[in-house]
Amino acid sequence: MSVAAYCIFCYRQIGTIGTPGPATKPHLPWHDIRKIAKVTGSLILGGFVFITYEVLSLKKLLQIDTQALHQEKLKSYIYVHTASLNQSEYQGITYQARKEIHKAVRKILETEAKFFRRPFKEQFSTFDGEDHECALWLLLKRTQSEDKEVRLQAVQDLASNSHWHGYQYGTVAQTCDQRTAIGLARSKDINLRFFLPPPPLPKIKNDYTIEDELRLLLVSLPQTYLDPCVQHFTSLALRESSQILAAQRGGLWCFGGNGLPYCETLSKIPSETVELFCLQALVQHSKVSSHCDKIEAKGGLQLLQRIYQLRKDSAKIQRNIIRIIGNMALDERLHASIVRAGWISVLAEVMKSPHVIQSSHAARALANLDRDTVKEKYLDGVYVLHPQYRSSQPIRADILFVHGLLGAAFKTWRQQDIDRHLDKKASEGQEEYSQCWPKTWLASDCPALRVISVEYDTDLSDWKAKCPVEAHRKSIAYRSNELLDKLRAAGIGDRPLVWVSHSMGGLLVKKMLVDASKNPEMEKMVNNTRGIIFYSVPHHGSQLAEYSMNARYLLFPSAEVKELSKDSPALKELNDDFLSLAKDKKFSVLSFAETLPTHISSMIKLHIVPLESAKLGIGDLIPVDVNHLNICKPKKKDAFLYQHTLKFIQDVLAQELGD
């Protein structure tokens, strides 16, 4: 407008030259016209260059992923490839001017589209976002920063803000990278809308079933030069699945191998039985790195996703599947494939499960995927009970729980069962029942601790052994070497450490410490041990072994039970070696002993670990009026068992916990 006014003014001056007045020689002021033309042309040309630059800049900023648009059909999902981390670029006159120009350009494009009756491109309709839109994109860009602290803080800010709109959660789900998605999944109380659902899976051919696909996957895996237990589980799965398939077609003729017990359940859910056998075999294969590559290459991740979605009513099947994913996540090369198969959203959802076993399996898998904040690797059978999420709380020390004969990483450490029908008054007003008191009570009382629980297979009798081949694997010596390798991978020994053990688990703890003291690479594990808690540990043997040996032709006692024989030379040697080590390293020791017999069956009661066998020879020994099973299961949080355990831990770690 100003340029036009200036031009009119100049021409009006030229026009007044011919007005009445003194006679002069008429002439045209060509130098004035040239001056006007230069100024006007420069302004017009500069304006066109500036507008063209802004349009091209706008177009570059608004590059979108058309494939995502087809999938989501939501115009608010914009993919921005580049944005600055400098906050000053989002403030000041320059930013406001650019924003106003972009609005003006958009209006021009809208008018042009209406005039020429052609569709207006959707990406231009949502560019001029509000401040919270800019904040979202700024956080997303920061999640890809090369600075680790900036990256982690951005993920935390994304997860902690609860004011996002629904479409913004979808924006994050589509635009965030693999590392960010894993970080969000490991954030406490995360909104599941941050994650895309698993991708749709191709349909199975009409002549194939899930069971057929599982069998084909198992057959495609290496079958030679295998670990004997892997071979056993694979052959068992293929044999039993064939028997069940034959039974489905021709009747219940499945008495070979271990088929008989499963014939009883065949009429209920035969396909689930087949799947469970095959999944147990796949668990064993997933412990072998090269087999994980084969599972991924053969579409195993997608097949497992299909089974997981179909078997939402079977906690055992889903648990085995997540266990396989956790094992495969140990190989960083497979992380991208695991993410593409849609497992992050599944694991994030399972992390919210009220069932500690399910959530802990998912926590292990996500921890193995999270290489940004977790340097340790959690091999099969090693579970982090706390912290299961990303946390700014520094870890000062480790607490390691080791169960005993027929125990498990979670059920051994649950709160003592209460019959609420018989004791309604006692149950009224009581705190929520704890499925695993180290995860709930201990974690809340000592948040600066990392709480880990390990799991290994044990059997009373070889009749029920899960892997009957190579009985030497069940010996305490073999398990010690196996667990030491797993614990070292989990970073046990890098921090001050307290061991907590029940029954045979205490013997295993002693053996591991003795073995570690002889290995220079494991020396830190011994030197950082601050204390050990023994719950009814048979240092000098157990009556259960004597009972089993007396009925050995009927019970076929396992290798674990045979090692618990009273006054066994092996136990005596182990105890002597450990006492020497404990006195040398000045370990703090606390022992609890049962005083009540345990019901082995409806007809038999047995005092499994007598007081004299629970007596180690160093540290305090406290008798408790409970049986062998409940010696490690406090009735409630303020019970003597838990409070004394907590006090011991706080005392030996007083320096680390700052008490």
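Which residue's side chain does the side chain of Asn327 join through a polar contact of 2.3 Å? The points below take this up after an overview of the chain.

1. Overall make-up. This is a predicted model. The chain has 659 residues, of which 47% count as buried. Its secondary structure consists of 30 helices and nine strands. Among contacts with a separation of 6 or more, 75% are between residues 24 or more positions apart. About 34500 Å² of the chain is exposed, and 55% of that area is supplied by carbon and sulfur atoms.

2. Nonpolar cores. In soluble globular proteins, nonpolar side chains tend to be buried together. Here the largest nonpolar core holds 65 residues, and Leu184, Leu282 and Trp343 have the most contacts inside it. Helix α12 (residues 270–285) gives this core its largest share, eight residues. Another core, of 50 residues, lies apart from it and includes Val454, Ala516, Met525 and Leu616.

3. Around Leu184. With neighbours within four places in sequence left aside, Leu184 is in contact with Val155, Leu158, Ala159 and Val172, and also with Ile190, Phe194 and Phe195.

4. Asn327, and the opening question. Asn327 belongs to helix α15 (residues 315–328). The cut-off for buried is under 20% relative accessible area; Asn327 has 3%, so Asn327 is buried. The side chain in question is that of Arg364, joined to the side chain of Asn327 by a polar contact of 2.3 Å. A polar contact of 3.5 Å also links the side chains of Asn327 and Asp380. Beyond four places in sequence, the contacts of Asn327 are Val283, Ser286, Lys287, Arg364 and Asp380.

5. Helix α27. This helix covers residues 569–585, 17 in number, and reaches 24 Å from first C-alpha to last, close to the 24 Å expected at 1.5 Å a residue. Its buried residues are Leu571, Leu574, Asn575, Phe578, Leu579, Leu581 and Ala582. An α-helix has 3.6 residues a turn, so residues three or four places apart point the same way. The buried residues of α27 pack against α22 (504–517), α23 (523–527) and β5 (529–535). Just after α27, Lys586 has a positive phi of about 60°.

6. Gln650. Is Gln650 buried or partly exposed? Gln650 sits in helix α29 (residues 640–652). Gln650 counts as partly exposed because its relative accessibility is 25%. Its C-alpha atom is 8.2 Å from that of Cys446, and the two residues are 204 residues apart along the chain.

Notes: Residues numbered from 1 in each chain as written. Predicted model: local features only at pLDDT ≥ 70, side-chain atom pairs only at ≥ 80, totals over all residues. Heavy atoms only, no water. Helix = DSSP H or I, 4+ residues; strand = E, 2+ residues; numbered from the N terminus. Expected span 1.5 Å × (residues − 1). Buried < 20%, exposed > 50% of the residue type's maximum accessible area, 1.4 Å probe, protein only. Contact = heavy atoms within 4.5 Å. Areas by Shrake-Rupley, 256 points an atom, 1.4 Å probe, with all protein chains shown as cover. Core = buried A, V, L, I, M, F, W, Y, C linked by side-chain atoms within 4.5 Å. Polar contact = N/O pair within 3.5 Å; in protein donor to acceptor, adjacent residues only side chain to side chain.
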